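Colleague: Before I go to the bench, could you take me carefully through one part of this model, namely how its side chains and helices pack together?

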Amino acid sequence: MAANIIIKKISISEIDDLQKIGRQTFEETFSEHNSKENLDAYLDEGFSYEKLTAELTNEDSEFYFAILENEVIGYLKVNFGDSQTELKDSKALEIERIYVSKEFHGKKVGQLLYDKAIEIAKEKNAEYVWLGVWEENGRAINFYQKNGFVEFDKHIFKLGDDEQTDLMMKLKLSN
């Protein structure tokens, strides 16, 4: 199946598809462990047209869809330069989001999106890639550890009125 998946850069004209997959996969990933109020507040703000338009038109961010048979099944968001959420290191690339529809978990879709992020990092001569992952998201933590990431710090992520701890992880790239 992985051979049939296309990884494609997203354009502003595909904002509806991005909003749909973004809301769907975030809800699938986090609804079990968070209140509906906090989840809805985050979805309304984080996936509003205004926010997505600003992100899609930011030249220091890129989005990619994973597409199978004309259906968007996952997406990737990477940041560099000043669009990075924290470190803002010109020698780094941040993987802000890799999300895959639940029905495609375990089918290498996340790995394809991850591989695209590493390809972009190398094209941009980044020295390392970093990301934040919720400390309760064992599946994602295991995925990144399997790919060589190590924890280096923690930060607080606000979901509605709930403060949650994200592990910050990084991978040094060999040039």
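Modeller: Contact here means heavy atoms within 4.5 Å. Please bear in mind that this is a predicted model, and let me start with the pair of helices α1 and α2. In this pair, R23, F26, E27 and F30 of α1 meet L39, Y42, L43 and D44 of α2. Sorted by class, the residues in the contact of α1 with α2 are five nonpolar and three charged, with no polar ones. Helix α1 spans residues 15–30 and helix α2 residues 36–46, and the two pack with their axes 11 Å apart, at an angle of about 155°. Because angles over 145 degrees count as roughly antiparallel, α1 is described as roughly antiparallel to α2. The crossing in which α1 passes α2 is right-handed.

Turning to the nonpolar cores, the largest has 33 residues, of which L93, I95, Y114, Y144 and F149 touch the most other members. At least two residues of this core come from each of the strands β2 (61–68), β3 (71–80), β4 (92–100), β5 (128–134) and β7 (162–172), and likewise from each of the helices α4 (109–123) and α5 (138–146). The most is given by α4, which supplies seven residues. If one sets aside the neighbours of I95 within four places in sequence, I95 is in contact with L76, K77, V78, Y114, A117, V129, W130, L131, Y144 and F149. There is also a second, separate core of 20 residues, among them L56, V72, Y75 and W134.

Conventions:
Residues numbered from 1 in each chain as written. Predicted model: local features only at pLDDT ≥ 70, side-chain atom pairs only at ≥ 80, totals over all residues. Heavy atoms only, no water. Core = buried A, V, L, I, M, F, W, Y, C linked by side-chain atoms within 4.5 Å. Buried < 20%, exposed > 50% of the residue type's maximum accessible area, 1.4 Å probe, protein only. Helix = DSSP H or I, 4+ residues; strand = E, 2+ residues; numbered from the N terminus. Axes fitted to C-alpha atoms, helices over the stretch in contact; angles between N-to-C directions. Parallel < 35°, antiparallel > 145°, perpendicular 65-115°, else oblique. Left-handed = near helix turned anticlockwise from the far one by under 90°. Nonpolar A, V, L, I, M, F, W, Y, C, P; charged D, E, K, R; others polar.
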